[in-house]
Amino acid sequence: QWLNQKGSQKIDVCLERDLQLLERYSLNIFLWLISDVYREFEQYVINNGDILKIVVACIDAKNLNDLICDITQGKLVMFKNEGVIDVIRDSLDYETFEQMCFWQLLLAHDVPIINLQVIFAFKIS
């Protein structure tokens, strides 16, 4: 799915670049828009580890709580069961606070425990 016939960048690549710039230059607007981005561009951002990394790298405890509230109210979906194992695997390289944020967001989605057991069994072996 190309942005246009003349352009060579995919929508997910453009979206990631735009979100990085927005986060860098206007964190408040980035945080205000992130739930809408996940709703409007769900096919590109759900289970997208690159965009998730941008989110967990810049949020604080209040922002995390706001996102968790949106998730538990059904207003925000950041993960789906299919493909979540790859996102979990990628998250193992995150910094400590980013890891904590990631796991809080993931657990708010009620991901079945079998998915978590598979990733841990794979990582340990």
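Here are some short exercises on this structure, each with a worked solution.

**Before you start.** The model is predicted, so to speak of local features a pLDDT of at least 70 is needed, side-chain atom pairs count only at pLDDT 80 or more, and totals for chains, interfaces and linings use all residues. Residues are numbered from 1 along each chain as its sequence is written, and side-chain values use heavy atoms, with hydrogens and water left out.

**Exercise 1. Find how many helices and strands the chain has, and how much of the chain is buried.**

Step 1. Helices (H or I, at least four residues) and strands (E, at least two) are DSSP runs, numbered from the N terminus.
Step 2. The chain has eight helices and zero strands.
Step 3. Starting at the N terminus, the order of elements reads α-α-α-α-α-α-α-α.
Step 4. A residue is buried under 20% relative accessible area, exposed over 50% and partly exposed in between (1.4 Å probe, protein chains only). By this count, 38% of the 125 residues are buried.

**Exercise 2. Describe how helix α2 meets helix α4.**

Step 1. Two packed helices are described by the angle between their axes and the distance between the axes.
Step 2. Axes are lines fitted to C-alpha atoms, for helices over the stretch in contact, and angles run from 0 to 180 degrees between N-to-C directions. The axes of α2 (residues 27–40) and α4 (residues 49–58) come within 11 Å and cross at roughly 140°.
Step 3. Angles under 35 degrees count as roughly parallel, over 145 as roughly antiparallel, 65 to 115 as roughly perpendicular and the rest as oblique. Therefore α2 is oblique to α4.
Step 4. Contact means heavy atoms within 4.5 Å. On the α2 side, the contact is made by Leu27, Phe30, Leu31, Ile34 and Tyr38, and on the α4 side by Ile51, Leu52, Ile54, Val55 and Cys58.

**Exercise 3. Decide whether α4 is mostly covered, and name its packing partners.**

Step 1. Seven of the 10 residues of α4 are buried, which leaves the helix mostly covered.
Step 2. The buried residues are Gly49, Ile51, Leu52, Ile54, Val55, Val56 and Cys58.
Step 3. These buried residues of α4 pack against α1 (11–25), α2, α3 (42–45), α5 (61–72), α6 (84–91) and α7 (96–108).

**Exercise 4. Work out whether Glu98 is buried or exposed, and what it touches.**

Step 1. Look for Glu98 in helix α7.
Step 2. Glu98 counts as buried because its relative accessibility is 10%.
Step 3. Leaving out residues up to four places away in sequence, Glu98 touches Lys53, Val56 and Ala57.
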